Amino acid sequence: MTSDTTSGAAVPQTRHLQTSIPGPKSRALQEQRDAALPDGLGRTLPVFVDRMAGGIIVDVDGNRIVDLASGIAVTSVGASHPEVVRRVTEQAERFTHTCFLVTQYEAYVRVAEWLNAHTPGDFTKTTALFSTGAEAVENAVKIARAATGRPGVIVFSNAYHGRTLFTLAMTAKDKPYKTGFGPLPTEQVHRAPFPEPLRWPGAPAPERVVDEALQAFEDLVAEVGADEIACVVIEPIQGEGGFIVPPAGFLPRLADLARAHGIIVVGDEVQAGLGRTGTLFASEHDGFVPDIVCTAKALAGGMPLSAVTGRAEIMAAVGAGGLGGTYAGNPLACEAALGVFEVMEREDLPGRARAIEQQVRATLAPLVDPDRGIAELRGRGAMLAIEFVQPGRLEPAPEVAAAVAKACHEQGVLVLVCGTFGNVIRLLPPLVIEEDLLTDALQVLYDAIRAHADVAQPAGAPA
Ligand SMILES: *Cc1c(COP(=O)(O)O)cnc(C)c1O
């Protein structure tokens with residue numbers, strides 16, 4: 001991989017602190033922001049961005065910050081990949097919008113064809129495009145209801161599916177997402193326990209966790225009544241909930257159980273999809289084949305685009321005019337997605353994700369020790385997280401995650417916190433990040449963990 005194919009050429013792919021972070025220009029803008037914007041809009045790092053390329057964010061003070069977030073798993077191809085920029089620019093000169101429901105354009109069809117061909121399952125599929133992840137999930141539920149004539153939806157503990165009123169009911173975490181927004185349509189939303197080995201009662205072996213979680217799902221179906229449930233919606237790797245990977249065998253067995261009850265299986269690949277985990281879709285790791293797959297985030301390299309791809313006969317349950325939206329499948333976003341698909345294959349970005357996993361594990365795995373407050377390093381590919389707990393116990397330690405994140409931010413490395421308890425640091429670097437840059441950022445993270453978690457120097461670790 002050379003920097004001229006990954007847009008890093010104009011921006012040096014090195015970390016550089018010109019001022020403290022945030023610098024004076026960012027601080028001045030922050031004051032204006034605080035006066036003009038509501039408090040409900042949170043922020044992770046209070047800097048304002050000037051430019052981005054490859055794995056670097058250049059802020060308005062000239063600091064070069066290493067991007068281990070990708071705008072929350074969006075800019076997997078880099079924030080300004082030349083292939084994406086070229087296509088979006090050319091498309092903007094031709095036309096910016098028609099509303100696909102009014103007059104049509106070819107790029108929409110090509111995006112749908114690619115997703116039909118590459119999402120799991122070798123049955124006939126069709127795809128409808130939208131703008132956001134939550135919109136895709138809502139539409140998957142609409143389609144499943146239309147196809148089954150049933151109202152209910154099963155979701156899981158720790159789930160995150162979005163911030164609209166229905167997806168909020170599907171999302172598990174109350175604070176801050178749901179505070180003050182009720183009542184939510186919770187009557188049709190039923191929650192099953194996600195198989196999370198670390199916190200499963202009694203801490204049995206993973207195979208037992210799978211059996212017990214499937215039993216809990218069966219019990220829930222029996223309690224609600226299968227003829228009341230349209231679909232089960234699951235993230236193949238949980239995102240906001242803490243990068244929790246279900247043990248082997250759970251996802252395909254869940255799909256079999258659900259289908260035996262006529263329940264449609266929806267995979268929410270919004271965060272884990274499009275090469276992030278080392279395969280095009282995270283479902284592939286465990287041979288999971290949903291009936292409907294939702295994609296968004298990395299789909300269009302930063303342009304707003306989401307998709308619902310499903311079995312053609314299920315998708316056909318909605319009559320003409322039932323799906324769509326003014327901006328859904330915007331032509332600039334469709335061209336960007338076609339650029340993403342090309343880059344994904346040409347630069348083997350799933351392969352890059354696997355290389356990133358090896359590099360991260362080599363640096364951080366020696367730190368894992370529950371007795372010293374680091375419970376797990378988990379995830380797949382370039383979707384990896386480290387969980388902080390009270391030493392020797394499983395009680396979450398969000399204060400440690402916050403302190404580690406803050407130390408990284410001050411050193412010019414952008415990391416994000418996640419998890420139901422806010423005690424997990426997650427890494428979502430752009431898949432095109434250069435090896436040396438990642439090495440530098442991981443050393444900063446390693447030092448921050450050493451400084452803030454109760455960890456002794458492990459044998460053979462970097463100095
Ligand atoms: C981010 C996310 C969503 C919501 O996507 P938006 O574009 O923010 O609406 C849904 N599901 C998962 C798994 C996500 O990570």
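Analyst: A cavity is a set of grid points where a 1.4 Å probe fits but cannot get out, and a lining residue has an atom within 4 Å of such a point. The structure considered here is a predicted model.

User: How many cavities of 30 Å³ or more are found in the whole structure, and what makes a residue part of the lining of the largest cavity?

Analyst: The search returns two cavities at that threshold. The largest has a volume of about 50 Å³. Its lining consists of Pro236, Ile237, Val245, Pro246, Leu251, Ala282, His285, Asp286 and Arg380; each is therefore a residue with an atom within 4 Å of a cavity point. By class, this lining has six nonpolar, one polar and two charged residues. Asp286 and Arg380 belong to it, and they count as charged because Asp and Arg are in the charged class.

User: Which residues line the second largest cavity, and how do they divide by class?

Analyst: Leu68, Ile356, Val360, Ala382, Leu384, Leu427, Pro429 and Leu438 form that lining. The division is eight nonpolar, no polar and no charged, because Leu, Ile, Val, Ala and Pro count as nonpolar. The volume of this cavity is about 30 Å³.

User: What makes the space of about 240 Å³ a pocket and not a cavity?

Analyst: A pocket is an open set of points, whereas in a cavity the probe cannot get out. The second largest pocket holds about 240 Å³ of space. Among its 13 lining residues, Phe100, Tyr108, Thr127, Ala128 and Leu129 are the closest to its centre. Helix H4 (106-118) and strand E4 (125-130) each supply at least two lining residues. The classes are ten nonpolar, two polar and one charged.

User: How do you know that glycine 133, glutamine 271 and lysine 297 make polar contacts with the ligand?

Analyst: The cut-off for a pair of N or O atoms is 3.5 Å. A backbone N or O atom of glycine 133 lies 2.8 Å from a ligand oxygen atom. For a polar side-chain atom of glutamine 271 the distance to a ligand oxygen is 2.9 Å, and for one of lysine 297 it is 2.7 Å. Each pair is within 3.5 Å and therefore qualifies. The protein covers 82% of the 380 Å² of accessible area that the ligand has on its own. The surrounding residues include Thr132, Tyr160, His161, Glu235 and Asp268, and the whole shell has three nonpolar, five polar and three charged residues.

User: Why are strands E1 and E13 said to stand at the edges of their sheet?

Analyst: The open sheet has four strands in the order E1-E2-E3-E13, with mixed pairing. Strand E1 (49-53) and strand E13 (413-414) each have a single partner strand, so one side of each is left without a neighbour in the sheet.

User: How do you know that E1 and E2 count as paired?

Analyst: Pairing requires at least two bridges. E1 and strand E2 (residues 56-59) are joined antiparallel over four bridges, so the criterion is met. Within this pair, valine 49 has aspartate 59 of E2 as its bridge partner.

User: What is omega at the cis peptide bond between lysine 175 and proline 176, and which residue has a phi near 65°?

Analyst: Omega is about 5° at the bond joining lysine 175 and proline 176. Proline 176 lies in the loop between helix H6 (165-170) and strand E6 (189-192). The bond from isoleucine 21 to proline 22 is also cis, with omega near 0°; proline 22 is in the segment before helix H1 (24-36). Asparagine 158 has phi near 65°, a positive value in a residue other than glycine, and is located in the loop between strand E5 (152-156) and H6.

Definitions and conventions: Residues numbered from 1 in each chain as written. Predicted model: local features only at pLDDT ≥ 70, side-chain atom pairs only at ≥ 80, totals over all residues. Heavy atoms only, no water. 1 Å grid on protein atoms, 1.4 Å probe; cavity = no way out; pocket = protein on both sides within 12 Å on 5 of 7 lines; lining within 4 Å. Points joined across faces, edges and corners; volume = space filled by probe spheres on them. Near = heavy atom within 4 Å. Polar contact = N/O pair within 3.5 Å; in protein donor to acceptor, adjacent residues only side chain to side chain. Areas by Shrake-Rupley, 256 points an atom, 1.4 Å probe, with all protein chains shown as cover.
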